[in-house]
Amino acid sequence: MKLTVFGATGGIGHEVVRQALEAGHEVTAVVRDPARLDVPAHDRLRVAVVRDLSDEDELVRVLEGREAVVSALGPVSNKQARLTPIAGPALRSIVSAMDRAGVSRLSAVSAAPLGPESPEDGALTRVLVYPLLRRALRDVYADLTVMEAVLAASRTQWTVIRPPRLLDRPYTGTYRRAVDANVPGGKVIARADVADALLTTLSDPSTSGHAIGVAA
């Protein structure tokens, strides 16, 4: 598959690029600073520098001839999300450029607190932990909420991946999934497994138009 990966220099994004290359895909990694791409050179890897994700003409250039898109974009802090939202504005431009380039399939990373609460999570988590988390990171989740709304209103065949707390742990491939729900009791997941979920859903048409909760 020919993929364009946005957010390729982030913790999840570089795992997406690495795993995609290992799986035999052809990857265009979209970056602002090529020096931050922690992936060795590869004959199936093209690095495209795009410093303004609102520039649709530039986005069309990196999307033409591609079969699918992976977005690992997202704010790294609540302050950043408050000052400069990333995911919502970027995905608005990306889906418009996808339409122009004739690319329809997309997977994007979001966050578990945007999903419905599970009764199995217990009263403490539902009444205290999630409300505190949503308050502390309200601008991050506001940005991701806009992103999900943009995707839902688009003509793309989108899938959203909603992980809980992210950890720098080795890839396992044995994480749990829940369609349009959070994984009951799901507290953490490795970034490498989130990357796997972003990639594997691209070839699973049953996930199109759905948010997939993932957790270890």
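In this predicted model, alanine 35 sits in the loop that runs between strand β2 (26–31) and strand β3 (45–49). Its relative accessible area is 71%, and because a residue counts as exposed over 50%, alanine 35 is classed as exposed. A second alanine, at position 111, follows 76 residues further along the chain, and the C-alpha atoms of alanine 35 and alanine 111 are separated by 28 Å.

That separation can be set beside the dimensions of the whole chain, whose C-alpha trace spans about 50 × 35 × 35 Å along its principal axes. The protein chain has 216 residues and a radius of gyration of 16 Å, which agrees with the value near 17 Å that a compact globule with this number of residues would have. Half of the chain is hidden in the sense used here, since 50% of the 216 residues count as buried, a class that requires a relative accessible area under 20%. The fold is built from seven helices and ten strands, and its contacts reach far along the sequence: among those between residues at least 6 apart, 69% join residues at least 24 apart.

Two pairs of helices show how parts of the chain pack together. Two packed helices are described by the angle between their axes and the distance between the axes. For helix α1 (residues 11–22) and helix α7 (residues 191–200), the axes come within 8 Å and cross at roughly 60°, and the two helices are therefore oblique to each other. The crossing of α1 and α7 is right-handed. On the side of α1 the contact is made by Gly11, Ile12, Glu15, Val16, Gln19 and Ala20, while α7 contributes Arg191, Ala192, Val194, Ala195, Asp196, Leu198 and Leu199. Sorted by class, this contact of α1 with α7 holds eight nonpolar, two polar and three charged residues.

The other pair consists of helix α4 (residues 87–101) and helix α6 (residues 138–153), which pack at an angle of about 20° with their axes 7 Å apart. Angles under 35 degrees count as roughly parallel, and α4 is therefore roughly parallel to α6. Here, too, the crossing is right-handed, as α4 passes α6. The residues that make the contact are Ala87, Gly88, Pro89, Leu91, Arg92 and Val95 of α4, together with Asp143, Leu144, Val146, Met147, Val150 and Leu151 of α6. By class, the contact of α4 with α6 has nine nonpolar residues, one polar residue and two charged residues.

Two further loops complete the picture. Aspartate 180 is placed in the loop between strand β8 (176–179) and strand β9 (188–190), and its backbone has a positive phi of about 55°, although this residue is not a glycine. With a relative accessibility of 39%, aspartate 180 counts as partly exposed, because its value falls between the cut-offs of 20% and 50%.

Threonine 207 belongs to the loop between helix α7 and strand β10 (210–215). Is this threonine buried or exposed? Its relative accessible area is 2%, so threonine 207 is buried. When neighbours within four places in sequence are left aside, threonine 207 is in contact with Arg105, Trp158, Thr159, Arg177, Thr201 and Ile212. Of the loop residues described here, alanine 35 is exposed, aspartate 180 is partly exposed and threonine 207 is buried.

Methods:
Residues are numbered from 1 along each chain as its sequence is written. This is a predicted model: local features need pLDDT of at least 70, side-chain atom pairs count only at pLDDT 80 or more; totals for chains, interfaces and linings use all residues. Side-chain values use heavy atoms; hydrogens and water are left out. Axes are lines fitted to C-alpha atoms, for helices over the stretch in contact, and angles run from 0 to 180 degrees between N-to-C directions. Helices (H or I, at least four residues) and strands (E, at least two) are DSSP runs, numbered from the N terminus. Angles under 35 degrees count as roughly parallel, over 145 as roughly antiparallel, 65 to 115 as roughly perpendicular and the rest as oblique. A crossing is left-handed if the near helix is turned anticlockwise from the far one by less than a right angle, and right-handed if clockwise. Contact means heavy atoms within 4.5 Å. Ala, Val, Leu, Ile, Met, Phe, Trp, Tyr, Cys and Pro count as nonpolar, Asp, Glu, Lys and Arg as charged, and the others, Gly among them, as polar. The radius of gyration is taken over C-alpha atoms; the globule rule is 2.2 Å times the number of residues to the power 0.38. Buried means under 20% relative accessible area, exposed over 50%, partly exposed in between (1.4 Å probe, protein chains only).
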